[in-house]
Amino acid sequence: MKEKENCPKCYEIGEKVKNITVKHMVSENLRGKVVDEETYYLCMNEDCDVVYYNLNNERVFYKEEVKVPIWFKKNANPKYICYCNHVTEQQIINAVLDDGAKNIKDIIRLTGAMKNGKCEINNPLGKCCSPLIQETINKALNSKE
Ligand SMILES: [Zn+2]
């Protein structure tokens, strides 16, 4: 049988995430449904309300079954960039526009982002948010010109 890496709802190919990340992201009462050793994916389609699903689509977790809003999904509120310290996209933009932040170091100092990071269990992708912080800084800097 061919393995299905795509989202059961929108059919886009998701991003592979660690089992431990999914376990920490889904609501407490659903944690038991995340099967050990299984491969899970995060649906990256902003319009799709599926968040996690496993290979071959036997298990699916929707937006309302996950503890935090997924930043790139439509209507995510708040829109966290750094999930470890609950720093939002707006806070980063404000730090650039109002407080003159120019790089990640400034953002860390001004917002407390990336401190004591436990990205594997706090970030929906299970990855460090620093590339996304940089992207947000660039976006804010460009809007300034
Ligand atoms: Zn999807």
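**Exercise 1. Determine what covers the buried residues of helix 3.**

*Solution.* The cover of the buried residues of helix 3 includes strand 6 (87–88), helix 2 (89–99) and helix 5 (130–144). Helices (H or I, at least four residues) and strands (E, at least two) are DSSP runs, numbered from the N terminus. Contact here means heavy atoms within 4.5 Å. The structure is a predicted model, in which local features need pLDDT of at least 70, side-chain atom pairs count only at pLDDT 80 or more, and totals for chains, interfaces and linings use all residues. Residues are numbered from 1 along each chain as its sequence is written, and side-chain values use heavy atoms, with hydrogens and water left out.

**Exercise 2. Establish which residues of helix 3 are buried and how they are placed around the axis.**

*Solution.* Begin with the burial classes: buried means under 20% relative accessible area, exposed over 50%, and partly exposed in between (1.4 Å probe, protein chains only). In helix 3, the buried residues are Ile-104, Asp-106, Ile-107 and Thr-111. These residues lie on the same side of helix 3 because they cover an arc of only 155° around the axis; the arc is that of the directions from the helix axis to the C-beta atoms. Next, consider the face turned away from this buried side: it carries the exposed residues Lys-105 and Arg-109.

**Exercise 3. Describe the surroundings of Asp-106.**

*Solution.* First, locate the residue: Asp-106 belongs to helix 3 (residues 104–111). Second, classify it: its relative accessibility is 16%, so Asp-106 counts as buried. Third, examine its polar contact (a pair of N or O atoms within 3.5 Å; within protein, one must be able to donate a hydrogen and the other to accept it, and residues adjacent in sequence count only if both atoms are side-chain atoms). The side chain of Asp-106 reaches the backbone nitrogen of Lys-102 at 2.8 Å. Finally, leaving aside residues up to four places away in sequence, Asp-106 touches Gly-100 and Ala-101.

**Exercise 4. Characterise the two ends of helix 3.**

*Solution.* At the start of helix 3, a side-chain oxygen of Asn-103 comes to within 3.2 Å of the backbone nitrogen of Lys-105. After helix 3 comes Gly-112, with a positive phi near 80°.

**Exercise 5. Place helix 3 in the context of the whole protein.**

*Solution.* The protein has 5 helices and 6 strands, and from the N terminus on its elements run β-α-β-β-β-β-β-α-α-α-α. Of its 145 residues, 44% are buried. Among contacts with a separation of 6 or more, 59% are between residues 24 or more positions apart.
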